[in-house]
Amino acid sequence: MDVLRPHLININGRIYRRNIIKEEHYAEEEEADFSYMDPPESEDPADETCDTHVIEQTDKGFRCAIDVPSVLYKYIIGKKGETRKRLEFDTKTSINIPKQGVEEQIVITGSHKAAVLSAVTRVEVLVESFRKKQPFTHFLSFPLNDPKIQEGFLRFKDDVLKQCSQDHGVEGSIFQSPAKLHLTIGTLALLNDNEVRKVAEHLQDCQSFIRDITEGKPLPLEVTGIEYMNDDPAMVDVLYAKVNVKDGTDKLQVIADRLVEHFVSAGLMVREWNRVKLHGTVMNTLFRKDSTAEDAGGPGRQTMSEREAFDARNILKTFGAYRFGEFELNTVLLSQRYSTDCTGYYTSAGSINFS
């Protein structure tokens, strides 16, 4: 850690410094200790209020219950319970954590309201820090699996394999499944059913502004042309189809950016770029399978560290302006990663329509 530029975390408007303790590890992750930065001179810590949680007064003092996904309990407990013990000692509180796998609230009790608030805040900082390390489980998507687009994609795949299969790394398994063609708007790490329901509800809140943009109608799109992600066309990992609104407007981009803004503002999504990069992946080396491995939906696929790039120069030269087709987009989906529904698309946990 750069001591002149420490990693800071903002929780409810207060700034915390993240310190690394190297002697304790959680599944090869360093434990994080968090120190509260001094408040402004005008602010008395004893007078802190909690805007996001209710601190109740009881016969024995004060009590606050907070929602934490069970998969994050271990980071609050720590190795041999050391993290919880230190939190309890530092804040003079008691922290009751449900059993692993039980989705119930963590209850913090103490003799003083300020002590309970301090413990709540430190738990929130821990949760926020380790939440960022969880892989994403869901994503907002525009489906591109219209039958006409699937048909165009299958023609593209057949033509590429006929004309370019001799090029390094080009083979059938790196093509996207036609039923799963989509545009990713943004990713989310949703760690229990309550969080999935919360995001689905927020998605419903977005329907009105989307219908204002589309004037309550489906959005006519054309899928034409291909592009690659990195700088070297001879060493490509992702090749994607370009998607545009037929009338030449930027309505699709505006909808995607507004959706991300909504979910980032709600604290449910981390912003990755200033603007959403809309791309319909048609070839991805992460899909590449080991022909000797059993195909069970995951085993046999390559990892990020071992993926083998392909030479896309001939594909780009021959199919650079390839026309996949046109269709009308009418929905945004909350899609579950590594899942498949009865249509072959990702299982949906929520949706809204343009019309």
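These legends accompany a set of close-up views of a predicted model.

**View 1. Histidine H182 sits in strand β9 and is buried**.
Let's start with a single side chain. Strand β9 runs over residues 182-188, and H182 belongs to it. The relative accessible area of H182 is 11%, so this residue counts as buried, the limit being under 20%. Two polar partners are worth finding here. The side chain of H182 reaches the backbone oxygen of K180 at 2.8 Å, and a polar contact of 3.1 Å joins the side chain of H182 to that of T184.

**View 2. What surrounds H182 beyond its sequence neighbours?**
Leaving aside the residues within four places in sequence, H182 is in contact with F139, S141, F142, P143 and L144, among others. The list also includes Q176, as well as H279, G280 and T281. Y345 and Y346 are in contact with H182 too.

**View 3. Helix α4 and the cap at its N-terminal end**.
Helix α4 covers residues 147-164, which makes 18 residues. At 1.5 Å a residue it should span 26 Å, and the end C-alpha atoms are 25 Å apart, so the expected and modelled spans agree. At the N-terminal end, look for D146, which caps the helix: a side-chain oxygen of D146 lies 2.9 Å from the backbone nitrogen of K148.

**View 4. The buried and exposed faces of α4**.
Which residues of α4 are buried? They are I149, G152, F153, F156, V160 and C164. These residues cover an arc of only 100° around the axis, which means that they lie on the same side of α4. The face turned away from this buried side carries the exposed residues P147, E151 and K162. Among the elements that cover the buried residues of α4 are the strands β10 (219-228), β11 (238-245), β12 (280-284) and β13 (323-329). Helix α8 (313-319) is also part of this cover.

**View 5. A salt bridge between helices α3 and α2**.
The next views turn to charged pairs. The structure holds 14 salt bridges, and side chains of opposite charge can pair when their charged atoms come close. In this view the side chains of R122 and D90 meet, with N to O at 3.2 Å. The pair links distant parts of the chain: R122 is in helix α3 (residues 113-131) and D90 in helix α2 (residues 82-91), 32 residues apart. Their surroundings are worth a look as well. R122 is buried, at 17% relative accessible area, whereas D90 is partly exposed, at 39%.

**View 6. E326 of strand β13 pairs with K246**.
Here the salt bridge has an N to O distance of 2.9 Å. It links distant parts of the chain, with E326 in strand β13 and K246 in the loop between β11 and α7 (251-265), 80 residues apart. E326 counts as partly exposed at 26% relative accessibility, and K246 is partly exposed with a relative accessible area of 45%.

**View 7. R271 and E261 tie a loop to helix α7**.
The closest N and O atoms of this salt bridge are 2.5 Å apart. R271 lies in the loop between α7 and β12 and E261 in helix α7, so the pair ties together parts that are 10 residues apart in sequence. R271 is partly exposed, with a relative accessible area of 34%, and E261 is partly exposed at 36%.

**View 8. Three charged residues in one network**.
To finish, find E171, R288 and E308, which salt bridges with shared partners join into one network.

How values were computed. Residues are numbered from 1 along each chain as its sequence is written. This is a predicted model: local features need pLDDT of at least 70, side-chain atom pairs count only at pLDDT 80 or more; totals for chains, interfaces and linings use all residues. Side-chain values use heavy atoms; hydrogens and water are left out. Helices (H or I, at least four residues) and strands (E, at least two) are DSSP runs, numbered from the N terminus. Buried means under 20% relative accessible area, exposed over 50%, partly exposed in between (1.4 Å probe, protein chains only). A polar contact is a pair of N or O atoms within 3.5 Å; within protein, one must be able to donate a hydrogen and the other to accept it, and residues adjacent in sequence count only if both atoms are side-chain atoms. Contact means heavy atoms within 4.5 Å. The expected span of a helix is 1.5 Å times one less than its number of residues. The arc is that of the directions from the helix axis to the C-beta atoms. A salt bridge is a side-chain nitrogen of Lys or Arg within 4 Å of a carboxyl oxygen of Asp or Glu.
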